[in-house]
Amino acid sequence: MTTHIKTNKYGLPQAQTRPHIRASKRLDLSGEEGKQIVKSETRLTLKEHQNTFKRLADM
């Protein structure tokens, strides 16, 4: 099972043209999965920007 990969004159793989695919999915945050997404993203944001939120609280 061999696949033919197009190469350029230097023997490197050539970029392939692919059709543009638009994003069509809407994110529904109302259900149980949505609540879990919001909770985990909030937790990550609070952990990542902990010092910033401390400074804002002290203002």
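**Fold, surface and charge of the predicted chain**

Asn 51 sits in helix α2, which covers residues 50–58. In this predicted model, the residue is partly exposed, since its relative accessible area comes to 49%, and the cut-off for calling a residue exposed is over 50%. Thr 17 is a long way off: 34 residues separate it from Asn 51 along the chain, and the two C-alpha atoms are 45 Å apart.

As for the overall fold, the protein chain contains two helices and zero strands. Its radius of gyration works out at 23 Å, whereas a compact globule of 59 residues would come in near 10 Å. The C-alpha trace tells its own story, spanning about 60 × 30 × 25 Å along the principal axes.

There is not much of an interior to speak of, with buried residues accounting for 2% of the 59 in the protein chain. The accessible surface adds up to about 6700 Å², and carbon and sulfur atoms contribute 54% of that.

Part of this surface is a nonpolar patch of about 350 Å², put together by Leu 27, Leu 29, Ile 37 and Val 38. Leu 27 comes from the segment before α1, the helix that runs over 32–48. With a relative accessible area of 63%, Leu 27 counts as exposed, because that value is over the 50% cut-off.

Turning to charge, the protein chain carries 12 positive and 6 negative side chains. The centres of these two sets are 12 Å apart.

Notes
Residues numbered from 1 in each chain as written. Predicted model: local features only at pLDDT ≥ 70, side-chain atom pairs only at ≥ 80, totals over all residues. Heavy atoms only, no water. Helix = DSSP H or I, 4+ residues; strand = E, 2+ residues; numbered from the N terminus. Rg over C-alpha atoms; globule rule 2.2 N^0.38 Å. Buried < 20%, exposed > 50% of the residue type's maximum accessible area, 1.4 Å probe, protein only. Areas by Shrake-Rupley, 256 points an atom, 1.4 Å probe, with all protein chains shown as cover. Lys, Arg positive; Asp, Glu negative; His and termini not counted. Charge placed at Lys NZ, Arg CZ, Asp CG, Glu CD. Patch = residues over 30% accessible without salt bridge, like charges linked within 9 Å, V, L, I, M, F, W, Y side chains within 5 Å. Salt bridge = Lys/Arg side-chain N within 4 Å of Asp/Glu carboxyl O.
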